Amino acid sequence: TEDSQENNIGYFSCKVEEAFYSKTIGKGFAKKATNGIFVIIKLSIINLTKRTELIGDSMFNLIDKEDYQYSTSMIGTNSLLMSGEKTFGVYAKESQPKMPTNGYVVFEVPNEAEYLLQLCSNNQIRTIPLPNIKMLIEKV
């Protein structure tokens, strides 16, 4: 989105490329549905250190305006992974110095609302807005 920007936090620089809502996620046999709605966020993450670092699902939370916190969805993440997409979560992903690592992080929430993405790295926390979350049209 036009509003996305680099957000430095701990060992990483993180950029939100786009964010979507969807009632289903994945393709074919890996397609899953939810009683709520999935928030699917495409990220580009750059390792700012001089060594390989790991990106794991514990780095990400979604927070609503009432401070409810949602961790990454294992069901949603597995479904995307089995559909051939790169994801952050379930399995830690290696990030090499100065190289962008792209992938999706998935959350399962009760409804469409205003959400903030919380990033945690090296005992630092940063919360960034998710502007322009769109309804997904069979893209992921």
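Okay, one term before we start: when I say contact, I mean heavy atoms within 4.5 Å. And keep in mind that this is a predicted model.

Let's begin with Thr49. Leaving aside neighbours within four places in sequence, Thr49 is in contact with Tyr11 and Pro97. Where does Thr49 lie? In the loop between β3, residues 32–47, and β4, residues 53–55. Is Thr49 buried or exposed? Its relative accessible area is 14%, and the cut-off for buried is under 20%, so Thr49 counts as buried. Its side chain also has polar company: there's a polar contact with the side chain of Asn47 at 2.7 Å, and another with the side chain of Glu53 at 3.3 Å.

Now over to the start of the chain. Strand β1 covers residues 6–9, and its two faces are not alike: Asn7 and Ile9 are on the covered face, while Glu6 and Asn8 are on the uncovered one. β1 pairs with β2, residues 12–25, in the antiparallel sense, over 4 bridges. If you want to find that pairing on screen, look for Asn8, which stands opposite Ser13 in β2. The two strands make a hairpin with 2 residues between them, and Gly10 in that turn has a positive phi of about 55°.

Next, the open sheet. Which strands form it, and in what order? There are 4 of them, running β6-β5-β9-β10, with antiparallel pairing. β6, residues 69–71, and β10, residues 124–129, each have a single partner strand, so they stand at the edges with one side lacking a neighbour in the sheet. From one strand to the next, the twist averages 30°. Inside that order, β5 (residues 60–64) and β9 (residues 115–121) are joined by 5 bridges, and Phe60 has Leu119 as its bridge partner in β9.

Phe60 brings us to the core. The largest nonpolar core has 26 residues, and the ones touching the most other members are Ile41, Leu43, Phe60, Leu62, Phe107 and Leu117. β2, β3, β5, β8 (100–109) and β9 each supply at least two residues of this core. Apart from it there's another core, of 8 residues, including Ile25, Phe38, Val106 and Leu136. As background, nonpolar side chains in soluble globular proteins tend to be buried together.

Last stop, Leu117. Beyond four places in sequence, its contacts include Ile41, Leu43, Phe60, Leu62 and Phe107, and Asn61, Arg126 and Thr127 are also among them. That's it from me.

Methods
Residues are numbered from 1 along each chain as its sequence is written. This is a predicted model: local features need pLDDT of at least 70, side-chain atom pairs count only at pLDDT 80 or more; totals for chains, interfaces and linings use all residues. Side-chain values use heavy atoms; hydrogens and water are left out. Buried means under 20% relative accessible area, exposed over 50%, partly exposed in between (1.4 Å probe, protein chains only). A polar contact is a pair of N or O atoms within 3.5 Å; within protein, one must be able to donate a hydrogen and the other to accept it, and residues adjacent in sequence count only if both atoms are side-chain atoms. Two strands pair if DSSP finds at least two bridges between them. Axes are lines fitted to C-alpha atoms, for helices over the stretch in contact, and angles run from 0 to 180 degrees between N-to-C directions. A nonpolar core is a set of buried Ala, Val, Leu, Ile, Met, Phe, Trp, Tyr and Cys residues joined through side-chain atoms within 4.5 Å.
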